[in-house]
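Good morning, and thank you for coming. Please take a moment to look at the sequence and the structure on the screen.

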Amino acid sequence: MKKRTVGLLSSLIFLMAIGIYSCKQDQSSKIGISDNTKSTVEEKVEEVQPSSEHSHIVIIKGMQFIPQNLSVPAGDTIIWINKDIVAHNVTQDTARTWTSGEIAVGESWTLVPNEGFDYLCTLHPTMKASVSVTQ
Ligand SMILES: [Cu+2]
């Protein structure tokens, strides 16, 4: 009974997400993160991250890095997944000492950082976020 409810809820959320995407394509207005979007992101994280407790997902969606501020232990892996409708990149801010290069829609990019950093998408410089690394 509970499983069935969850399944139904997931389907609803998925349909809502599609709705949000459609709206976004029609009128490229900025959409805040609604509860529905958050739920979808959490689902995706579960899908992509089945077992490892040493990897962390950053979803790129709605012209944002989610979460915007991520703290990870040294040696852990961070995976950026582009769930948006346009390509993005992950580039060190502000000296731009390194970049992921273009992360196409549906693609991902992985990094194991030794130290914290601020980063941005150079294609959309208002997209800024940060990673901190704990030892
Ligand atoms: Cu971008």
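I shall speak about a sheet, a metal site, a nonpolar core and one residue in a loop. Please keep in mind that this is a predicted model.

Let me begin with the sheet. In what order do the strands of the open sheet lie? The order is E3-E8-E7-E5, which makes 4 strands, and their pairing is mixed. At the edges are strand E3, residues 69–73, and strand E5, residues 91–93, each of which pairs on one side only. From one strand to the next, the twist averages 35°.

The word "mixed" can be followed pair by pair. Strand E7, residues 117–121, runs antiparallel to strand E8, residues 124–134, and 5 bridges join them. These two strands form a hairpin, with 2 residues between them. Within this pairing, Tyr119 stands opposite Ala129 of E8, and Asp118 stands opposite Ser130 of E8. On the other hand, E3 and E8 pair in the parallel sense, over 5 bridges. There, Asn69 has Ser130 of E8 as its bridge partner. Ser130 may therefore be traced on the screen in two pairings, facing Asp118 and paired with Asn69, if we take the cut-off that two strands pair when there are at least two bridges between them.

I turn now to the metal site. Which residues coordinate the copper ion? They are His88 through ND1, Cys121 through SG and His124 through ND1, at 1.9 to 2.1 Å. Along the chain, these donors follow the spacing H-x32-C-x2-H. His88 lies in the loop between strand E4, residues 77–82, and E5, whereas His124 lies in strand E8, so this pair ties together parts that are 36 residues apart in sequence.

Are these two histidines buried or exposed? His88 has a relative accessible area of 0% and is buried. His124 has a value of 19% and is also buried, because the cut-off for buried is under 20%.

His88 deserves a further look. Its side chain is joined to that of Asp84 by a polar contact of 3.0 Å. Leaving aside neighbours within four places in sequence, His88 is in contact with several residues, including Ile60, Met63, Asn82, Gly101 and Met127. Its contacts also include Cys121 and His124, both of which coordinate the copper ion.

Next comes the nonpolar core. The largest one has 16 residues, and those with the most contacts inside it are Val58, Phe65, Ile78, Trp80, Tyr119 and Val131. Strand E1, residues 55–61, together with E3, E4, E7 and E8, contributes to this core, each supplying at least two residues. Which strand gives the largest share? That strand is E8, with 4 residues.

Trp80 offers a good view of the core. Not counting residues up to four places away in sequence, Trp80 touches Val58, Phe65, Tyr119 and Val131, among others. Its further contacts include Glu107, Ser108 and Trp109.

Finally, I would draw your attention to Ala74, in the loop between E3 and E4. Ala74 counts as partly exposed, with a relative accessibility of 36%. Where does Ala74 make contacts beyond four places in sequence? It touches Val133, Thr134 and Gln135. Ala74 and Gln135 are 61 residues apart along the chain, and their C-alpha atoms are separated by 5.4 Å.

Thank you for your attention.

Terms used
Residues are numbered from 1 along each chain as its sequence is written. This is a predicted model: local features need pLDDT of at least 70, side-chain atom pairs count only at pLDDT 80 or more; totals for chains, interfaces and linings use all residues. Side-chain values use heavy atoms; hydrogens and water are left out. Axes are lines fitted to C-alpha atoms, for helices over the stretch in contact, and angles run from 0 to 180 degrees between N-to-C directions. Donors are N, O and S atoms within 2.8 Å of the metal (3.2 Å for Na, K and Ca); water is not among the atoms, so sites may look incomplete. Buried means under 20% relative accessible area, exposed over 50%, partly exposed in between (1.4 Å probe, protein chains only). A nonpolar core is a set of buried Ala, Val, Leu, Ile, Met, Phe, Trp, Tyr and Cys residues joined through side-chain atoms within 4.5 Å. Contact means heavy atoms within 4.5 Å. A polar contact is a pair of N or O atoms within 3.5 Å; within protein, one must be able to donate a hydrogen and the other to accept it, and residues adjacent in sequence count only if both atoms are side-chain atoms.
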